[in-house]
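Hi everyone, thanks for coming. I'll walk you through one structure today, so have a look at it first and then we'll go round it together.

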Amino acid sequence: MTARIIDGTALAKGLRAELALDVRRLTALGRRPGLAAVLVGDDPASQSYVRSKGRACEEAGMLSRTVLLPATTPEVELLALIDQLNVDPEIHGILVQLPLPRQIDTERVLLRVSPMKDVDGFHPINVGRLVLGDPKAFRPATPWGIIQMLLREGIETKGAHAVVLGRSTIVGRPLANLLMQDAPGGNATVTVCHSKTRDLPGVTRTADILIAAIGRPEFVTREMVKPGAVVLDVGINRVDDPSKPKGYRLTGDVAFGPVSEVASAITPVPGGVGPMTIAMVLKNTIQAAEMLG
Ligand code: NAP
């Protein structure tokens with residue numbers, strides 16, 4: 001079998017075109033959705049991510065505001081900025097780029113973002129709402145993008161055995177919750193694996209849908225995949241590659257070549273799950289603008 005390659009870039013483009021229509025409708029009602037991204041420090045990967053989000057916002061017709069603060073910013077200043085954004089009528093979504101410098105308590109900062117503007121879905125109120133299946137929850141962008149990808153690719157989750165590799169709070173846990181909900185893209189029977197899982201290949205081989213989010217390059221081998229399974233790769237890993245101009249290449253958590261010989265569908269890295277993530281941040285900001293009214 002040779003797997004169908006799921007084109008996340010094309011899916012995200014289609015989704016962003018739909019979102020642009022929502023933005024136009026809301027703007028005509030005087031509620032142009034606005035997203036503020038706050039970046040503390042000058043980490044190049046974070047800068048590039050924040051820039052991509054800003055560009056995607058503008059392309060969709062949304063207001064985008066980026067606040068860059070020096071790495072030495074005291075916590076009290078960041079909290080004061082969040083307080084301002086929480087009451088700013090032009091801003092519907094607030095993203096605080098992680099990781100934050102050491103002098104800042106990340107938990108205190110994430111708790112300060114109004115749950116109504118928490119488009120990352122990291123505030124405990126939104127985590128709780130997600131677990132309860134409340135549609136008002138902001139769903140974290142990467143898992144929510146994976147659900148959209150499954151829906152848009154016509155991959156049936158109802159009754160399927162979905163195995164999620166990884167239990168992080170930003171990917172594995174919320175994804176497992178979304179997959180088990182009684183909702184479109186849900187109703188799967190879900191198993192979550194982590195570093196203490198016994199006989200991991202034995203578990204992954206029972207998956208109809210296998211989603212890898214562990215941050216280990218090409219960890220999932222052909223032998224770990226049931227023939228015909230759908231394999232989604234969340235991992236983004238840098239591996240040294242002297243043949244590349246930058247000296248490295250990006251690879252996922254799945255050994256793409258060998259696994260695509262047994263899977264029925266697979267996402268590449270890059271160009272798979274990644275592009276959906278940014279589109280879902282925009283979708284959440286539109287949801288916030290609709291809810292804030
Ligand atoms: P994380 O917080 O580091 O969590 C990794 C998870 O994988 C943990 O639950 C860990 O288990 C588990 N794990 C690690 N090694 C394992 C092993 N050998 N066997 C079984 N389980 C193992 O990672 P994350 O933030 O979820 O990110 C995962 C990957 O996705 C990274 O490559 C990241 O760059 C990528 N990512 C991509 C996007 C995107 O938009 N495409 C978004 C977010 C993250 P324990 O809990 O037992 O330690």
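Before we look at the ligand, one term: a polar contact is a pair of N or O atoms within 3.5 Å; within protein, one must be able to donate a hydrogen and the other to accept it, and residues adjacent in sequence count only if both atoms are side-chain atoms. Also, keep in mind that this is a predicted model, where local features need pLDDT of at least 70 and side-chain atom pairs count only at pLDDT 80 or more, while totals for chains, interfaces and linings use all residues. Residues are numbered from 1 along each chain as its sequence is written, and side-chain values use heavy atoms, with hydrogens and water left out.

OK, the ligand. Which residues are closest to it? They are Arg167, Ser168, Ser195, Ile236 and Thr277, out of 20 that surround the ligand (that is, with a heavy atom within 4 Å of it). Arg167 has a polar side-chain atom 2.7 Å from a ligand oxygen. For Ser195, a side-chain N or O atom sits 2.5 Å from an oxygen of the ligand, and for Thr277 that kind of distance is 2.8 Å. On its own the ligand has 930 Å² of accessible area, and the protein covers 71% of that (Shrake-Rupley method, 1.4 Å probe; for residues, only the protein chains shown count as cover).

Now over to helix H1, residues 8-28. Helices here are DSSP runs of H or I with at least four residues, strands are runs of E with at least two, and both are numbered from the N terminus. At the start of H1, a side-chain oxygen of Asp7 comes to within 3.1 Å of the backbone nitrogen of Thr9. Which residues of H1 are buried? Gly8, Leu11, Ala12, Leu15, Leu19, Val23 and Leu26. Seen down the axis, those buried residues fall within an arc of 115 degrees, so they line one face of H1 (the arc uses directions from the helix axis to the C-beta atoms). Buried means under 20% relative accessible area, exposed over 50%, and partly exposed in between, with a 1.4 Å probe and protein chains only. The face turned away from the buried side carries the exposed Lys13, Leu21, Arg24 and Ala28. As for partners, the buried residues pack against helices H6 (141-152) and H10 (273-292), where contact means heavy atoms within 4.5 Å.

Last bit, the backbone oddities. Most residues other than glycine have a negative phi, and most peptide bonds are trans. Here, though, Leu98 and Pro99 are joined by a cis peptide bond, and so are Val269 and Pro270.

Methods:
The expected span of a helix is 1.5 Å times one less than its number of residues.
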